[in-house]
Amino acid sequence: MSKLTELSAWQALEDHYYTMQDRHLRDLFAADPTRGEKMTAEGAGLYLDYSKHRVTDETLKLLLQLAEEAGVAKKRDAMFAGEKINITEKRAVLHTALRAPRDAVIEVDGKNVVPDVHEVLDRMSAFAEQIRAGTWLGHTGKPIKNIVNIGIGGSDLGPVMAYEALKHYAQRDLTVRFVSNVDGTDLAEKTRDLDPAQTLFIVSSKTFTTQETMTNARSARQWLLGSLKDDAAVARHFVAVSTNAAEVTKFGIDTANMFGFWDWVGGRYSMDSAIGLSLMLAIGGDQYRELLAGFHEMDEHFRTAPAEKNLPMLMGLLGIWYNNFFGAESVAVLPYDQYLAYFSAYLQQLDMESNGKHVTLDNEQVDYQTGPIIWGQPGTNGQHAFYQLIHQGTKLIPCDFIGFCQTLNPMPPHHDLLMANVFAQTEALAFGKTLEQVLADGVDAKIAPHRVFEGNRPTSTILADKLTPHTLGALIALYEHKVFVQGAIWDINSFDQWGVELGKVLAGKIAPELQSEGEPELKHDSSTNTLIKRYRARRA
């Protein structure tokens, strides 16, 4: 047994599970008519209804006890204090410092990092104002009208998600696009209709050596110079989000237009650093700071709210309950707002790269499930795609529904219909429809079983008044800290990502074999060798 499974709260939860596995939400609500009012919590402008979960007061008590025995609060405080909790890379984990107010004091190795954060933010704001006002001119004297962010992973998923989420607030005479895939099609399609003389590329790579990003950056440079014909143009049409001044200079970018961040900022936690420059160009410095304020308000809620009313704590613990005791393997995140089209994809990296681990902090193999599979897409589209499996399939899939009381685009009756679906779906998933109810509707007994909904499918509902930059910041931070809670309980390092390295290393070996003029000596397995040979033979 592992240290986690030896905890008294864990063992009590195992026993408790056997009393809960067949309890139905219909019975839980019937036993307490006020359940839907009591099992709620609020923080940073977000309202969480967790009453439609297969839990009782005893369940919650045991889950909170588990968090206490696993030392979640102590680990949380260590993170906020700047301790080097990323033990495999010997780094602090301080994305929370990126949104700290100017007068805060957060130290790493004895140095207050907050002034450096705000120095970069101020430089970003000044640059953004020039672009937005049309006073930053390209090489030929034309203002910039097109922004193309080149990154991958955390340097792409966060900015593109946030840009799409906050497009309502964007300056619409700026075209903002994102290139990440090393497939040349991505860059070709994103630049096909742009004027090079009015296009600015943001190359987002901390080391300025990321293979996909730098391949795309070099091709973008060729595209630009193919039209402008002067190497000096690079300095007016490229900026860098990086810390590698030597490589940035070598590329032709003026280091005055290099915006840095720090090794205590992990890639998937970096969208509110200089990595968010493309977003700031789109929505402006003031709105960007509202986004940071939303992050910070949720940070403070997570840091100070009692565990039983703490949104990240509750969501994290409910996830543990289904993942580790019910055996649920995935979580569907279902935002009912078209602006959040990329939110589930963003959370895939945040959660699955953080908690997709199989070794504890003490180098022991885990003997329990860690990170879940995260997936989803906006409602109501998903209802006509995969909800069938959630409602009547054989897999238990806890769902997070996200909705807003006010729409940014009033168009009666659209928003009422949209939100009616939020409430209807969670009701249907919870309570279902029995065979007796189906027969009472006059359905033929021969097909009635096909119309039965078992219900008892757990959901959380997160409501906010309106999708604003502040709300988005709070929502992202909610999920960041939920991931932290679960990683802390599983006793894993949520802040490294060694699992992405092996494939990169092998790709680095295979690429020269694909590009070799002569016949390379292949020393892979028989499958890989055969695939390489077939590709080389047929690519022409």
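The following dialogue walks through the fold, the strands and the backbone geometry of one predicted model.

Visitor: What should I know about the model and its numbering before reading any feature?

Guide: This is a predicted model, in which local features need pLDDT of at least 70 and side-chain atom pairs count only at pLDDT 80 or more, while totals for chains, interfaces and linings use all residues. Residues are numbered from 1 along each chain as its sequence is written, and side-chain values use heavy atoms, with hydrogens and water left out.

Visitor: How many helices and strands does the chain have, and how compact is it?

Guide: The chain comes to 22 helices and 13 strands, where helices (H or I, at least four residues) and strands (E, at least two) are DSSP runs numbered from the N terminus. Its radius of gyration is 25 Å, close to the 24 Å that the globule rule gives for 540 residues, so the chain is as compact as a globular protein of that length; the radius is taken over C-alpha atoms, and the rule is 2.2 Å times the number of residues to the power 0.38. Buried residues make up 52% of the 540, with buried meaning under 20% relative accessible area, exposed over 50%, and partly exposed in between (1.4 Å probe, protein chains only).

Visitor: Which strands form the open sheet with parallel pairing, and in what order?

Guide: Strands of a sheet pair through backbone hydrogen bonds, either parallel or antiparallel. Here two strands pair if DSSP finds at least two bridges between them, and the open sheet of 5 strands has the order β6-β5-β7-β8-β9. The edge strands are β6 (175-179) and β9 (258-259), each pairing on one side only. At the β9 edge, 2 bridges join it to β8 (residues 238-241) in the parallel sense, and V241 has F259 as its bridge partner.

Visitor: How should I read the two faces of β12?

Guide: In a regular strand the side chains alternate between the two faces of the sheet. In β12 (residues 399-404), 6 of the 6 residues are buried, so this strand is largely enclosed by the rest of the structure. C399, F401 and G403 lie on one side and D400, I402 and F404 on the other, which leaves both faces covered. Parallel pairing joins β12 to β10 (residues 330-335) over 4 bridges, with A332 opposite C399, and to β13 (residues 459-464) over 6 bridges, with F401 opposite T461.

Visitor: Which strands pair in the antiparallel sense?

Guide: Strands β1 (residues 40-43) and β2 (residues 46-49) do so over 4 bridges, and G43 stands opposite L46. Their hairpin has 2 residues between the strands, and A44 takes a positive phi near 55° there. Strand β2 is also joined to β13 by 3 antiparallel bridges, where Y47 has L463 as its partner.

Visitor: Where should I look for unusual backbone geometry in the loops?

Guide: Most residues other than glycine have a negative phi, and most peptide bonds are trans. The bond from G379 to T380 is cis, with omega near 10°, and T380 lies in the loop between β11 (373-375) and α17 (387-392). Another cis bond runs from P412 to P413, with omega near 0°, and P413 belongs to the loop between β12 and α18 (414-431).

Visitor: Are K90 and D491, each with a positive phi, buried or exposed?

Guide: K90, whose phi is near 55°, counts as exposed at 64% relative accessibility, whereas D491, with a phi of about 60°, is buried at 15%.
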